[in-house]
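The exercises below ask for careful reading of a model, one site at a time. Please work through each task before turning to its solution.

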Amino acid sequence: MNQGSSTGTILEIRNLCVDYLTEKKPVRAVDRVNLTVKRGETLGLAGESGCGKSTLAFSILRLHKPPALIPEGEVIFNGEDILCMDEERLRRIRWNDISVVFQSAMNCLNPVVSIRDQMCDVILAHRNISKADAVAQAANLLERVGISPDRMNDYPHQFSGGMRQRVVIAIALALDPQMIIMDEPTTALDVVVEREIMAKLEELKHQFGFTILLITHDLSLLGEISDRIAIMYGGRIVELATSEQVILDPKHPYTNGLINSFPLLSGEKKVLSGISGFPVNLWDPPPGCYFAPRCEACMDICKRENPPLIEIEPGRQVACHLFPTPEGGAE
Amino acid sequence: MSLQPIMEVRHLVKDFPTKQGIFTKQYMRAVNDVSFNLYPGRALGIVGESGSGKSTSARVISLQYPRTAGEILFQGNDIATFTDKASVMAYRRKVQMIFQDPYGALNPVHTVFHHIARPLQIHKIVQNKSELEDKVYSVLEKVGLIPVEQTAKKYAYQLSGGQRQRVCIGKTLALGTEVVLADEPTSALDVSIRLGILNLMEAMKEDFNTAFLYITHDIATARYFTEEIAVMYVGHMVETGDSRDVTSNPQHPYTQLLLSAVPDPHKRGSRISLPEVEKKEIPTWRPESRGCPFASRCPHTTPQCREQMPPLTKLADNHFVRCFLHGG
Ligand SMILES: Nc1ncnc2c1ncn2[C@@H]1O[C@H](COP(=O)(O)OP(=O)(O)OP(=O)(O)O)[C@@H](O)[C@H]1O
Ligand SMILES: Nc1ncnc2c1ncn2[C@@H]1O[C@H](COP(=O)(O)OP(=O)(O)OP(=O)(O)O)[C@@H](O)[C@H]1O
Ligand code: SF4
Ligand SMILES: [Mg+2]
Ligand SMILES: [Mg+2]
């Protein structure tokens with residue numbers, strides 16, 4: 001059941017850091033991330049491979065495993081800090097309130113358990129209902145994601161990749177969560193299948209009103225379907241704005257470079273440059289702005305100081321020295 | 001087109017055995033009646049969904065799989081006539097494949113120098129050590145792996161994905177490859193460095209007159225890099241033509257479906273939903289299969305579509321489609 005008001009903040013991540021304790025030295029994969037998710041929105045999180053998207057997704061529900069460790073930060077969900085909750089409370093929040101679809105989850109369905117039983121297992125673990133009711137609910141969920149309940153007794157290998165991914169989404173929806181975190185839900189799939197799944201998701205969202213945190217490296221996809229987009233680079237959020245702003249008027253040079261990395265299907269063919277250089281090495285990051293070595297607008301200060309994420313206009317945040325803190329304004 | 005093709009593929013067919021009984025043998029037809037030309041200095045993009053036969057076509061051309069039927073002409077000669085070791089070696093040198101996974105393609109315990117030098121030695125392209133060094137360094141420079149001396153000493157495991165793909169491309173340059181069969185060369189790479197690889201291949205078209213077959217899922221990059229696009233569906237080439245025509249004026253119902261599915265941030269909110277099809281399953285093609293391969297999912301299917309294979313129909317100078325909606 002969705003509780004609380006239909007507007008406002010559902011999740012607030014404050015100053016979150018995640019380290020991987022590797023043999024050599026700790027690697028900071030998520031670096032002082034501040035991010036507010038609004039109730040009912042689709043928030044996109046984009047950035048290239050290794051920038052910390054999955055690490056962030058895991059840590060929101062404390063699903064991270066050693067060698068990952070959260071040295072500081074808060075994750076406030078409906079007023080409570082998830083990072084300080086006891087295990088019992090946390091267990092109730094997972095699936096019931098927030099569910100996660102992991103990267104390549106469709107390959108993680110148990111191959112020797114029928115789709116029906118995998119769905120019932122999740123439902124029965126969290127709801128005090130009879131097996132028959134759970135089966136009925138599973139049938140209903142499959143129907144929601146566009147799979148005929150006749151196929152319930154099938155095993156994962158009898159389903160195509162797209163169908164398996166729908167099953168994973170159906171399971172994530174099973175307990176009617178307020179929020180779903182989806183990590184690259186369609187990356188391994190063909191565009192036609194991706195489109196079908198995204199359209200279904202949008203339809204379900206209208207019906208049930210959940211909030212989505214959608215993680216992908218595909219900025220074109222996010223630009224089309226999310227309300228706001230956060231861009232991550234080297235474990236840091238470097239830009240946050242509405243989708244239109246990010247796509248049509250990006251502020252951070254990295255965002256700009258990313259947009260210049262996706263050829264379009266329409267309009268004039270023009271030469272695109274991508275971004276020169278290579279992604280930041282987190283084992284040996286530069287002292288100032290992580291993007292400085294690849295940035296065409298790089299100034300002296302960029303090589304020394306890490307620019308904080310500041311609000312440059314209402315609802316719009318950028319971490320770049322090209323956009324200094326307004327005179328007298330707070331950081 | 002007045003250009004002389006370097007590679008001509010005619011009615012290519014490739015079957016794979018599926019089930020084998022004592023008296024029966026079953027086959028699946030991974031590639032059926034595929035024809036195309038590759039031209040020096042130009043690229044043909046092959047797009048289509050997973051399992052549509054894109055990689056198989058390239059593997060047959062690069063002699064990794066024998067063909068079931070059809071002709072493959074390289075510089076006018078059928079490659080089936082290359083039976084002696086010398087002509088096979090020469091063909092392998094001139095026609096090279098590069099792959100999606102630059103991690104698998106390079107042995108991690110060898111240096112970059114070794115990876116570029118080795119094929120030069122095998123094919124006896126250089127005479128002595130100093131010539132070898134010059135050649136390796138000049139190749140590294142051309143593919144943007146600078147500073148060259150430093151990069152040459154690195155081991156493959158010390159390189160990023162984009163750098164490895166540059167080494168693979170460098171190998172083809174070193175060999176003087178004339179036809180590069182690039183099978184999803186950028187899909188395993190970071191988004192921001194994909195364009196660098198595509199632009200490097202673009203420069204090879206211009207500077208070395210290299211012919212490319214560019215296999216991808218990403219029709220937008222195909223439009224960006226190629227002159228022509230062929231769309232494959234279940235082993236068949238359903239539409240082919242000038243990249244701009246195919247992407248801006250798609251005529252086959254599958255191409256239309258594919259293009260309407262591609263994410264486009266500029267179509268936010270205005271997207272028309274995909275045509276609903278009752279049966280979404282993609283068929284397995286067999287030698288005895290009949291009809292149009294898209295008939296089970298097509299919104300325009302007629303009884304004729306289920307019975308006969310539509311012929312390849314010419315729509316414009318360089319635009320062909322295999323669909324009964326357009327003649328046949
Ligand atoms: N178990 C681990 N031990 C050490 N470092 C790790 C571990 N897992 C991830 N990392 C590092 O943490 C960083 C962030 O990884 P993460 O998987 O969160 O990235 P991502 O943005 O999800 O990438 P992708 O798009 O490839 O999924 C990377 O640099 C990665 O190398
Ligand atoms: N060595 C093989 N033996 C048997 N079947 C094969 C073999 N190689 C490919 N196939 C089959 O042939 C069909 C075409 O495969 P192919 O790899 O050419 O597809 P593709 O278009 O490259 O797909 P993708 O986009 O997923 O790479 C598939 O059904 C595949 O299972
Ligand atoms: S031939 Fe028939 S089934 Fe095939 S694409 Fe054309 S209309 Fe559709
Ligand atoms: Mg990830
Ligand atoms: Mg392939």
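**Exercise 1.** Does Gln103(A) count as buried, partly exposed or exposed, and what is its relative accessibility?

*Solution.* This is a predicted model, in which local features need pLDDT of at least 70, side-chain atom pairs count only at pLDDT 80 or more, and totals for chains, interfaces and linings use all residues. Residues are numbered from 1 along each chain as its sequence is written, chains are lettered from A and ligands numbered from 1 in the order in which they are written, and side-chain values use heavy atoms, with hydrogens and water left out. Buried means under 20% relative accessible area, exposed over 50%, and partly exposed in between, with a 1.4 Å probe and protein chains only. At 40% relative accessibility, Gln103(A) is therefore partly exposed.

**Exercise 2.** Identify the residues that coordinate the magnesium ion (ligand 4), and place them in chain A.

*Solution.* Begin with the donors, which are N, O and S atoms within 2.8 Å of the metal (3.2 Å for Na, K and Ca); water is not among the atoms, so sites may look incomplete. The ion is coordinated by Ser54(A) through OG and by Gln103(A) through OE1, at 1.9 to 2.2 Å. The pair links distant parts of the chain, 49 residues apart, with Ser54(A) in helix 1 (residues 53-60) and Gln103(A) in the loop between strand 6 (98-101) and helix 3 (115-126). Helices (H or I, at least four residues) and strands (E, at least two) are DSSP runs, numbered from the N terminus.

**Exercise 3.** Why is helix 1 of chain A described as largely enclosed by the rest of the structure?

*Solution.* Count the buried residues: 6 of the 8 in helix 1 of chain A qualify, so the helix is largely enclosed. Among them are Lys53(A), Leu56(A) and Ile60(A). Just after the helix comes Arg62(A), whose phi is positive, near 55°.

**Exercise 4.** Which polar side-chain atoms and which polar backbone atom lie close to oxygen atoms of ligand 2, within the cut-off for a polar contact (a pair of N or O atoms within 3.5 Å)?

*Solution.* On the side-chain part, a polar atom of Lys54(B) lies 2.7 Å from a ligand oxygen, and one of His217(B) lies 3.1 Å from a ligand oxygen. On the backbone part, a polar atom of Gly53(B) is 3.0 Å from an oxygen atom of ligand 2. Finally, helix 1 of chain B gives the most to the shell around the ligand (residues with a heavy atom within 4 Å), with 3 residues.

Methods: A polar contact is a pair of N or O atoms within 3.5 Å; within protein, one must be able to donate a hydrogen and the other to accept it, and residues adjacent in sequence count only if both atoms are side-chain atoms.
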